[in-house]
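Biologist: Could you walk me through this structure, slowly, as I am new to reading models?

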Amino acid sequence: MTADHMANTDARIDAAAMAEFTAEHGGDLPPIAIVIAAYNEERGIGDVVSAIPAVIAGHETATVVVVDGASDDTAAVARKAGALVCDVPVNRGQGAALRLGYRIARAGGARYIVTTDADGQYDPADIERILAPVVRGEADFVTGSRVLGRQETYDRVRRLGVHVFARMISLLTGQRITDTSFGMRAMRAEVTGAVTLKQPQYQSSELLIGVISRGYKVLEVPATMRLRVAGTTKKGGNLVYGYRYLRVVLGTWLRERRGTAPSGSSAPSASASPSSSASPAEPARGSAKTK
C-alpha cells in the first residue's frame, strides 16, 4: 500500500468518524477538551473518565475518547462514565487516534487540549498544574515530567530509556527536556493543526519535536507516572519500543530540520496556517454535550 493510498484511507476513516461523532454529540465543545486514545481499555477507561474534573482553571471540560478499533466494551464503558465517544472501527494506533481527537477538539471550538492515557497511569490531579501555564499565556505547549516529579515503575530499562531519549532530543533541538514520552500534555488547540503529525503509534516525540522546531514555547512541569491499573501495554517490549521510538525521533528531527524554522524562533500566532495534519473540511458546530 502506497503512502498516498494510506493517507487517503485515513482521511476517509477520519471523515466518517467525525460525521458520526457530530451526529451523536453535536459540534460545540467547551474551552477545554481532554483527548484520550483508547484501545481495548474497558477495565480502566471508566475510572479514568470519571476522575477528570468537569471544571479546570475556571473553564468547563469535555472528555473526548477516541476508541481505536477496540474489540471489547471500551466505547460503552467510556460513554457510561460520561465521555463523548468517537468510535472508530479500525485499529490504526495511538497517534492516529490522537490526531482525530485533536481535529474533533479544533472543530468544536475548544481553546485548549489536554491529553492523557486510558490506562490510569496519569494522575488527574496533575491536569490543572500542566494546563495552567497555557491558560495564563506563559507557554503554548506544556508536558508533564516523571523525572521532575515521580514515577512508579520497576522497569530499569524503561527508566534508563527515558533519560537517554531526553538527552538525545535536548541535543537535537537545543532545548533541555527531561521526559519526551509523558502522555499528559496541554496545549493551545491551534498548535495541533500547525505541526506535521504522521506517526500512527509513537507520536509523543513527533509532537514534541514539532512544536519545539516551529518555535512554540514549551515548558515541563513535575507530574506523576503511576503503575498501569488495568490492561497491557500496546507499545511492545523494551527493544522493539526503543528501536521504533528512536526511528521516530530521528525521522521527525530530520524532517523538521529540512522544512521548518529553527528552534528558538518566534512562536507562530494563534492564526497560524495549519499544516498537513489539519483537515481542510471540519464539520459545522452544533450543540455538544459535555462531561
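Biologist: Let's start with α9: which helices do the buried residues of α9 pack against?

Modeller: The buried residues of α9 pack against α6 and α8, where contact means heavy atoms within 4.5 Å and buried means under 20% relative accessible area, with exposed over 50% and partly exposed in between (1.4 Å probe, protein chains only). Please keep in mind that this is a predicted model, in which local features need pLDDT of at least 70 and side-chain atom pairs count only at pLDDT 80 or more, while totals for chains, interfaces and linings use all residues. Residues are numbered from 1 along each chain as its sequence is written, and side-chain values use heavy atoms, with hydrogens and water left out.

Biologist: And what do names like α9 stand for?

Modeller: Helices (H or I, at least four residues) and strands (E, at least two) are DSSP runs, and they are numbered from the N terminus.

Biologist: Okay, which residues of α9 are buried?

Modeller: Among the buried residues of α9 are Y241, Y245, W253 and also the charged-letter pair R255 and E256.

Biologist: How far does α9 reach from its first C-alpha to its last?

Modeller: Helix α9 has 22 residues and reaches 31 Å, which is close to the 32 Å expected at 1.5 Å a residue; the expected span is 1.5 Å times one less than the number of residues.

Biologist: New topic: how many aromatic pairs does a search of the whole structure find?

Modeller: The search finds 4 aromatic pairs, where rings of Phe, Tyr and Trp (its six-membered ring) pair if their centres lie within 6.5 Å, and planes under 30 degrees apart count as stacked, over 60 as edge-to-face and the rest as tilted. In one of these pairs, F165 and Y245 have ring centres 4.7 Å apart and planes at 65°, so the pair is edge-to-face. F165 sits in helix α6 (residues 156-173) and Y245 in helix α9 (residues 238-259), so to speak 80 residues apart, and the pair links distant parts of the chain.

Biologist: Are F165 and Y245 buried or exposed?

Modeller: Both F165 and Y245 are buried. Another pair joins Y202 and Y241, with ring centres 5.4 Å apart and planes at 40°, so this one is tilted. Y202 lies in the loop between α7 and α8, whereas Y241 belongs to helix α9, so the pair ties together parts that are 39 residues apart in sequence. Y202 counts as buried at 8% relative accessibility, and Y241 is buried with a relative accessible area of 11%. Ring pairs link F165, Y202, Y241 and Y245 into a cluster.

Biologist: What about the largest nonpolar core, which residues touch the most other members?

Modeller: C86, L100, I104, L207 and V211 do, out of 37 residues, a nonpolar core being a set of buried Ala, Val, Leu, Ile, Met, Phe, Trp, Tyr and Cys residues joined through side-chain atoms within 4.5 Å. The largest share of this core, 7 residues, comes from α4.

Biologist: Why is α4 called largely enclosed?

Modeller: Of the 14 residues of α4, 13 are buried, so this helix is largely enclosed by the rest of the structure.

Biologist: Last one: where does N40 lie, and what is its phi near?

Modeller: N40 lies in the loop between β1 and α2 (45-51), and its phi is near 50°, a positive value in a residue other than glycine. Most residues other than glycine have a negative phi.
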